[in-house]
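Take a moment to turn the structure around on your screen. Then let us walk through some of its parts together.

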Amino acid sequence: MAVPVSQAFKVMSYVLGQKIRGVKRYPLVLMLEPLFRCNLECEGCGKIQYPEHILKKRVSAEQAWAAAEECGAPVVSIAGGEPLIHPEIKEMVDGLIKQGRYVYLCTNALLLERKLDMFTPHKQLTFSVHMDGLKEEHDKSVCRDGTFEIAESAIRKAVGRGFRVTTNTTLFNNANPERVRQFFDDMTALGVEGMMISPGYPYAKAPEQEIFLERNRTKSLFRQILGAPKKAWQFNHSPNFLAFLQGKIDYDCTPWGNPTYNVFGWQKPCYLLGDGFATTFKELIETTDWPRYGQKGWDERCKDCMVHCGYEASAVNDMFGSFGGLVRTAKYFFNPDAMGEAPVAVARRTAPAGAVAASPANAETAAAPSASATCGGGHSCGCESAAKVEQTTPAARS
């Protein structure tokens with residue numbers, strides 16, 4: 001697990017503190033989206049399809065600091081849009097670090113080399129560079145030739161100057177396991193601290209549904225990719241989450257684990273679904289119908305989701321929640337190829353009388369998913385070109 005000891009200790013102390021106080025629902029990572037504008041026009045990105053007056057909106061540095069204090073998460077992932085476009089991005093990052101938070105600044109890296117002088121290497125700052133595989137896969141994903149070389153050069157420069165750098169990759173059912181493993185080799189050779197991987201989220205508005213992974217296919221694909229892992233590979237995940245992707249452990253989603261704050265406020269229930277917004281974090285936690293979501297919930301949109309934003313939090317909770325969780329973590333840390341546990345059938349909850357599940361048949365009544373719904377994870381720009389979104393904004397609905 002490629003996480004500094006200081007960061008791991010902070011997260012562990014935070015989780016244990018929440019458990020001692022009996023807090024049931026607490027965030028691990030604040031997904032901060034301070035703007036939706038980007039310097040790429042990926043065909044599948046829902047954010048850039050907002051109307052111009054929304055694209056001009058910004059979350060100020062002061063609002064970002066307040067949101068972080070309000071929810072209390074020890075880690076903040078700054079996504080977008082492209083965060084390096086934000087005029088207050090340096091102040092925003094510096095203020096979050098001053099609060100003691102670990103910051104992952106997600107970027108497509110087109111501006112990273114020229115912006116590096118704005119920042120100082122710090123153990124609490126990581127550049128998370130969106131890389132959707134080797135050159136062919138990545139450039140196709142972001143709909144612009146040459147972006148892979150630019151990002152690769154920026155990673156090399158940032159690592160050389162002492163910055164923490166990770167990568168962020170989303171995989172669909174057209175992923176070639178051998179090329180993904182080669183990508184891991186290449187990123188490792190560049191000196192990245194860790195790699196984040198996640199299956200794409202299958203949402204109803206995508207015109208080409210066949211690119212998405214249902215749960216069994218996800219497990220099969222990740223077993224091929226992660227089987228017999230090379231010792232040099234470092235992932236920015238808990239060992240239990242990597243085991244979960246391969247079907248060795250089963251978890252339910254923790255949809256409150258990565259709450260999103262953006263120009264509209266606190267997004268319900270996670271940044272992959274657009275079910276409205278809350279004014280405060282307290283309102284988000286207290287008014288969201290949490291039982292409807294996740295693998296056990298009755299909302300059909302969640303049925304095949306195995307994305308890290310909901311399940312990494314479950315894995316971390318398992319790690320620190322019991323002695324058995326610690327044993328599982330040690331098992332997969334020291335032997336990633338260890339056998340999994342006996343499968344347990346998951347019984348989905350039944351919707352209460354009067355509840356309407358946002359299934360593909362009635363998804364038009366729900367807000368369209370964010371750009372992250374297509375790329376599956378907190379990065380800032382690129383999504384599969386097939387996944388074009390018709391975005392419905394709160395302004396448009398009012």
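## Two sides of helix H6

In this predicted model, helix H6 spans residues 135–142, and its buried residues are His 138, Asp 139, Ser 141 and Val 142. These four cover an arc of only 160 degrees around the axis, so they sit on the same side of H6. A simple rule helps here: an α-helix has 3.6 residues a turn, so residues three or four places apart point the same way.

What covers the buried residues of H6? Strand S4 (125–130) and helix H7 are included in that cover. Look at the other side of H6 and you will find Glu 136 and Lys 140, which are exposed. Just after H6 comes Cys 143, with a positive phi near 65 degrees.

## Arg 161, after helix H7

Now find Arg 161, in the loop between helix H7 (147–160) and strand S5. Is Arg 161 buried, exposed or partly exposed? Its relative accessibility is 39%, so it counts as partly exposed, given that this class lies between the 20% and 50% cut-offs.

Setting aside neighbours within four places in sequence, Arg 161 is in contact with Leu 116, Asp 117 and Pro 121. With Asp 117 there is a polar contact from side chain to side chain, at 2.6 Å. Leu 116 is 45 residues away from Arg 161 along the chain, yet their C-alpha atoms are separated by 8.9 Å.

## The sheet and its helices

Next, trace the open sheet: 9 strands in the order S6-S5-S4-S3-S2-S1-S7-S8-S9, with mixed pairing. Strand S6 (194–199) and strand S9 (277–278) are at the edges with a single partner strand each, so one side of each has no neighbour in the sheet. S9 pairs with strand S8 (residues 265–267) in the antiparallel sense over 2 bridges, and Phe 277 in S9 is the bridge partner of Gln 267.

Helices lie across some of these strands. Helix H1 (residues 5–20) crosses strand S2 (75–78), strand S3 (102–107) and strand S5 (164–171), at about 110 degrees to S3. Helix H8 (residues 177–190) lies across S5 and S6, and runs at about 155 degrees to S6.

## The nonpolar cores

Which residues touch the most other members of the largest nonpolar core? Among its 74 residues, they are Leu 30 and Phe 184. Not counting residues up to four places away in sequence, Leu 30 touches several residues, including Ala 67, Cys 71, Val 76, Tyr 261 and Trp 266. Another core, of 24 residues, lies apart from this one, and Val 15, Leu 28, Leu 273 and Met 319 are among its members.

Conventions: Residues numbered from 1 in each chain as written. Predicted model: local features only at pLDDT ≥ 70, side-chain atom pairs only at ≥ 80, totals over all residues. Heavy atoms only, no water. Core = buried A, V, L, I, M, F, W, Y, C linked by side-chain atoms within 4.5 Å. Buried < 20%, exposed > 50% of the residue type's maximum accessible area, 1.4 Å probe, protein only. Contact = heavy atoms within 4.5 Å. Pairing = 2+ DSSP bridges. Axes fitted to C-alpha atoms, helices over the stretch in contact; angles between N-to-C directions. Polar contact = N/O pair within 3.5 Å; in protein donor to acceptor, adjacent residues only side chain to side chain. Arc of directions from axis to C-beta.
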